[in-house]
Structures are given as structure tokens and as C-alpha cells.
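Could you walk me through this protein model, from its overall layout down to a few individual side chains? I would like to read it with the structure open beside me.

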Amino acid sequence: DITESIRYESEMEMKKVTDVLFHSLQLQPSPLLIQTNDELTSYMSSNQIQNYLFDCDGVLYRGNDSLPSASLAIQSLLNSGKQVYFVTNNAASTRMELKQKLERVLQLPMDLLKEEMMIGSAHVASRYLRSCLLKESKN
């Protein structure tokens, strides 16, 4: 089943990333609770993490309503040179539609986000299938 295969490969890749991250930074995998904007700003500017992934629905917005401080967090990260990516399992939207929704709901400047920053399940599935077809055509 293709869904199970994608899920398994995603879990294996995430385990690799987690192992490298915790080993290279000598971190203990423990939850981080940030409760205020000041704590968030301090954490973002003082850590070694350069790449951030945000789930969209329920994390940055619910429906058409922005969640508190979501826009500030995204803008702060991008303005400090961090790499930010937006992930969603909503296959109904294209990458461009997701970008436009984030700009609208979070009231972000039009030139701040790029389509390449959007990682949707439909896009990932199409890339996976394309790679499978390319492998198959070589055999």
C-alpha cells in the first residue's frame, strides 16, 4: 500500500534527522514549553537551530483565524535569517494556495514567503511517485 510505504519512509527519515540533531547538539529529547513572546524571542535568537517546520492548521491558524503570536513568530524567524517551512497534510491546496492563505490569515508581507517553503502532502506524494516511476523506468 502506497500510503503505508510513504508513512514508513517518513518515520525512518524523521528518526535519522532526530538522531543526528540530538547527537550533534548533545541534546536530551525533552519537550520545550514556551509561554510568552519574550521567551520565544529569546529562544529563537539564542539557539543553534537554523531550520523550523510549522504544521499549519491548528498551529498557525484555525480555519481563517490566526493563532496568537503566529505571525510575530514567523516574521521574527525569517527576519533573523532562519529557514522556515510550512507543512500540511491537507492535499486540497496547492503550494501557492497555501502560501496565499498564510499571507492572508497571518497578515504577512507578500514577499516574505516563497512557494518553496510550502510542503504539502499532495506535493510530497507526487515527488515520491515520480521517483518511483523513474526508478521503475530504469529497470
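The paragraphs below go from the whole chain to its core, then to one helix, and finally to the surface.

Please keep in mind from the start that this is a predicted model. The protein chain contains five helices and five strands. Reading from the N terminus, these elements follow one another in the order α-α-β-β-β-α-β-α-β-α. The chain has 139 residues, and buried residues make up 23% of them. The chain exposes about 9,900 Å², with carbon and sulfur atoms supplying 55% of that area. For a sense of how the chain connects with itself, take the contacts between residues at least 6 apart in sequence: 66% of these join residues at least 24 apart.

Let's step inside. The largest nonpolar core has 23 residues, and those with the most contacts inside it are Phe54, Leu60, Ile74, Val84, Phe86, Leu102 and Leu113. Several elements give two or more residues to this core: the helices α2 (37-46), α3 (70-79) and α4 (95-105), together with the strands β1 (51-55) and β4 (83-88). The largest share, five residues, comes from α3.

Helix α3 also holds serine 76. With a relative accessibility of 23%, serine 76 counts as partly exposed, because the buried class ends at 20%. If you would like a distance to check in your viewer, the C-alpha atoms of serine 76 and leucine 40 are separated by 9.5 Å, although these residues are 36 apart along the chain.

Two of the core residues named above deserve a closer look as a pair of rings. The count of aromatic pairs comes to one. Phenylalanine 54 and phenylalanine 86 form this pair, with 6.4 Å from centre to centre and 25° between the planes. The pair is classed as stacked because its planes are under 30 degrees apart. It links distant parts of the chain, since phenylalanine 54 sits in strand β1 and phenylalanine 86 in strand β4, 32 residues apart. Both partners fall in the buried class: phenylalanine 54 has 17% relative accessibility, while phenylalanine 86 has a relative accessible area of 0%.

From strand β4 we can move on to leucine 113. Leaving aside neighbours within four places in sequence, leucine 113 is in contact with Ile74, Leu78, Phe86, Lys99, Leu102, Glu103, Leu108 and Met118. Among them are Lys99, Leu102 and Glu103, which are also listed with the buried residues of α4.

That brings us to helix α4 itself. Its buried residues are Leu98, Lys99, Leu102, Glu103 and Val105. They pack against β2 (61-62), β3 (65-66), β4 and β5 (118-120). After the helix comes glutamine 107, whose phi is positive, near 55°.

Which two side chains of this helix meet in a salt bridge? They are lysine 99 and glutamate 103, with 2.5 Å from N to O. A search of the whole structure finds one salt bridge. Both residues lie in α4, four residues apart, about one turn of the helix.

Are these two charged residues buried or exposed? Lysine 99 is buried, with a relative accessible area of 11%, and glutamate 103 is buried as well, at 5%. Leaving aside neighbours within four places in sequence, lysine 99 is in contact with Met110, Leu113, Lys114, Glu115 and Met118.

Methionine 110, one of those partners of lysine 99, lies in the loop between α4 and β5. With a relative accessible area of 63%, methionine 110 is exposed. Beyond its neighbours within four places in sequence, methionine 110 is in contact with Lys99 and Glu103, the two partners of the salt bridge. The C-alpha atoms of methionine 110 and glutamine 100 are separated by 8.4 Å, with their positions ten residues apart along the chain counted as sequence separation.

Finally, let's come out to the surface. Met14, Val17 and Leu53 make a nonpolar surface patch of about 300 Å². Leucine 53 belongs to strand β1, the strand that also carries phenylalanine 54. Leucine 53 counts as exposed at 53% relative accessibility, whereas phenylalanine 54 counts as buried at 17%.

How values were computed
Residues are numbered from 1 along each chain as its sequence is written. This is a predicted model: local features need pLDDT of at least 70, side-chain atom pairs count only at pLDDT 80 or more; totals for chains, interfaces and linings use all residues. Side-chain values use heavy atoms; hydrogens and water are left out. A nonpolar core is a set of buried Ala, Val, Leu, Ile, Met, Phe, Trp, Tyr and Cys residues joined through side-chain atoms within 4.5 Å. Buried means under 20% relative accessible area, exposed over 50%, partly exposed in between (1.4 Å probe, protein chains only). Contact means heavy atoms within 4.5 Å. Accessible areas come from the Shrake-Rupley method with a 1.4 Å probe; for residues, only the protein chains shown count as cover. Rings of Phe, Tyr and Trp (its six-membered ring) pair if their centres lie within 6.5 Å; planes under 30 degrees apart count as stacked, over 60 as edge-to-face and the rest as tilted. Patches are made of residues with over 30% relative accessible area and no salt bridge: like charges are joined within 9 Å, nonpolar side chains (Val, Leu, Ile, Met, Phe, Trp, Tyr) within 5 Å. A salt bridge is a side-chain nitrogen of Lys or Arg within 4 Å of a carboxyl oxygen of Asp or Glu.
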